[in-house]
There are 2 protein chains.
Amino acid sequence: MPKLVDHEERRAHIIDALLRSAANDGLHSVTMRSVATEAGISVRLVQYYFDTKEKLLLAAMTRLAGRMGERVQRRVRATGAGTDPRGIIEAVLLEAVPTDDESRAFHLIHTEYAVLSVTDPALAGQPFLAAPNEMEAFLATHLATARRSGDTDPTLDPHQEAAVLLATSAGLGLSVLLDQRTPDQATATLHYHLNRIFPTRM
Amino acid sequence: MPKLVDHEERRAHIIDALLRSAANDGLHSVTMRSVATEAGISVRLVQYYFDTKEKLLLAAMTRLAGRMGERVQRRVRATGAGTDPRGIIEAVLLEAVPTDDESRAFHLIHTEYAVLSVTDPALAGQPFLAAPNEMEAFLATHLATARRSGDTDPTLDPHQEAAVLLATSAGLGLSVLLDQRTPDQATATLHYHLNRIFPTRM
DNA sequence: GTTTTGATGGTATGGTTGTACCACAAAAAC
DNA sequence: GTTTTTGTGGTACAACCATACCATCAAAAC
């Protein structure tokens, strides 16, 4: 059987098992054993490919952060809306609102990691610092474009407004996770706010 | 020594120890032992007053939710701004932004509990459902008042705007916890948004 | 003054967790 | 054909955790 295995593929497989395991019972209840079982392999193998649990957790976090980027990009492309600022912005923000089970699980783990990284020095910040900064700059750019085209209130501050939008979608997404709002309500609230920023002239 | 103790006081003392312990190393690393040590008593006593860890965690969560209400109320009163809608709304929202170490610890634990309650059925939602609903209604009421007085855009929807405001402050608060923003930046962004809702006429 | 009760300490127990260790087979290297 | 290397399984171990159990002692009740 020992047929010279592709390590990266194997690691990805194990990380996916971890994420699946975390989706069910929460990140805190992930153990070497639960991951091994979920991946259908022995605990020894998880050790073999990741050495320690800390490294495994870190690798999974990195992969998760990467996926977040892919998700946002995919969504933006899926709108087909080319370079329409409002369409792009809306796509980015809506990604934060979990709708189906899959996205709910994804955002739950992402949030659990974010909160955990505050107290766990081994998981210290990077992935959760760079991404939002990029996103905020991205939103600000498109808001500035829209403002130049006269699609928004000219007194609007693109940078501050980008921060507000990002915080709003994060807050709405969190509230959906906590079952304080339904996904539909959150989406409606986001649309309301976007409508105020991009007034429909008529 | 066994001098007929005030149970409620004792329980409060233990819960405070738990919160202090959680503030340092995160809620996930709270154990019966760490709580006992922090409270300066034996593990047996923690058992005696709370029976099981689950009940202890639940009691601490309830107390935490109660404190959140006190904090908001205290802040609103502290503004002295009587019934000025903008002052009241601003006070409520700013409470979500951690500034000093104390409020940071408080909000961190609160967030950890909120996230934990998603996956842990024993901690299921109540406290994290009722409070935000109340707050949202509270904000909507004051927004409606302000709108009637002509202090806001008349086309603004008080209920949706309340949802936006709450989500924004939650998102900003979270980003401060994650060290994505400084408290000052978050406060500035919040002020920016409030200035757009309450236009300074001149 | 005896008996009950409330409060406390100490310790044992059963389970779980991360990790280290030992063994082994199959392929690769030479 | 021998010798490394690589992948894999099983298991042992030390630490830790929540909780159950046993003992004690002072105050309260009577």
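How many helices and how many strands are there in chain A? In this predicted model, chain A holds 9 helices and 0 strands, so that the order of elements from the N terminus on reads α-α-α-α-α-α-α-α-α. Taken along the principal axes, the C-alpha atoms of chain A fill a box of roughly 70 × 35 × 30 Å. Of its 202 residues, 36% count as buried, and among the contacts in chain A with a separation of 6 or more, 60% are accounted for by residues 24 or more positions apart.

Confidence can be stated for the chain and for its elements. The mean pLDDT of chain A is 93, with 97% of its residues reaching 70 or more; within the chain, confidence is lowest in α7(A), at a mean of 91, and highest in α8(A), at 98.

The contact between the two chains comes next. On chain A, 34 residues are in contact with 34 residues of chain B, and the helices that each supply at least two residues of the side of chain A that touches chain B are α6, α7, α8 and α9. The largest share of that side, 12 residues, comes from α8(A). By residue class, the side of chain A that touches chain B divides as follows.

| Class, side of chain A touching chain B | Residues |
|---|---|
| Nonpolar | 17 residues |
| Polar | 12 residues |
| Charged | 5 residues |

How is chain A related to chain B? A turn of 180 degrees, with a shift of 0.0 Å along the axis, lays chain A on chain B with an RMSD of 0.1 Å; that is the relation of a two-fold axis. The same surface serves both copies, in that 100% of the contact residues of chain A recur in chain B.

The nonpolar cores complete the picture. The largest of them has 50 residues, and those with the most contacts inside it are A:Leu139, A:Leu166, B:Leu139 and B:Leu166. Helices α5 (85–94), α7, α8 and α9 of chain A, together with α5 (85–94), α7 (126–148), α8 (158–177) and α9 (183–197) of chain B, each supply at least two residues of this core. Once its neighbours within four places in sequence are left aside, A:Leu139 is in contact with A:Ile89, A:Val92, A:Ala162, A:Leu165 and A:Leu166. Apart from the largest core lies another, of 49 residues, including B:Ala17, B:Leu18, B:Tyr113 and B:Val115.

Notes:
Residues numbered from 1 in each chain as written. Chains lettered and ligands numbered in written order. Predicted model: local features only at pLDDT ≥ 70, side-chain atom pairs only at ≥ 80, totals over all residues. Helix = DSSP H or I, 4+ residues; strand = E, 2+ residues; numbered from the N terminus. Buried ≥ 20, exposed ≤ 12 C-beta atoms within 10 Å, placed from the backbone. Contact = placed C-beta atoms within 7 Å. Nonpolar A, V, L, I, M, F, W, Y, C, P; charged D, E, K, R; others polar. Least-squares fit on C-alpha atoms with pLDDT ≥ 70 in both. pLDDT = per-residue confidence, 0-100. Core = buried A, V, L, I, M, F, W, Y, C linked by C-beta atoms within 7 Å.
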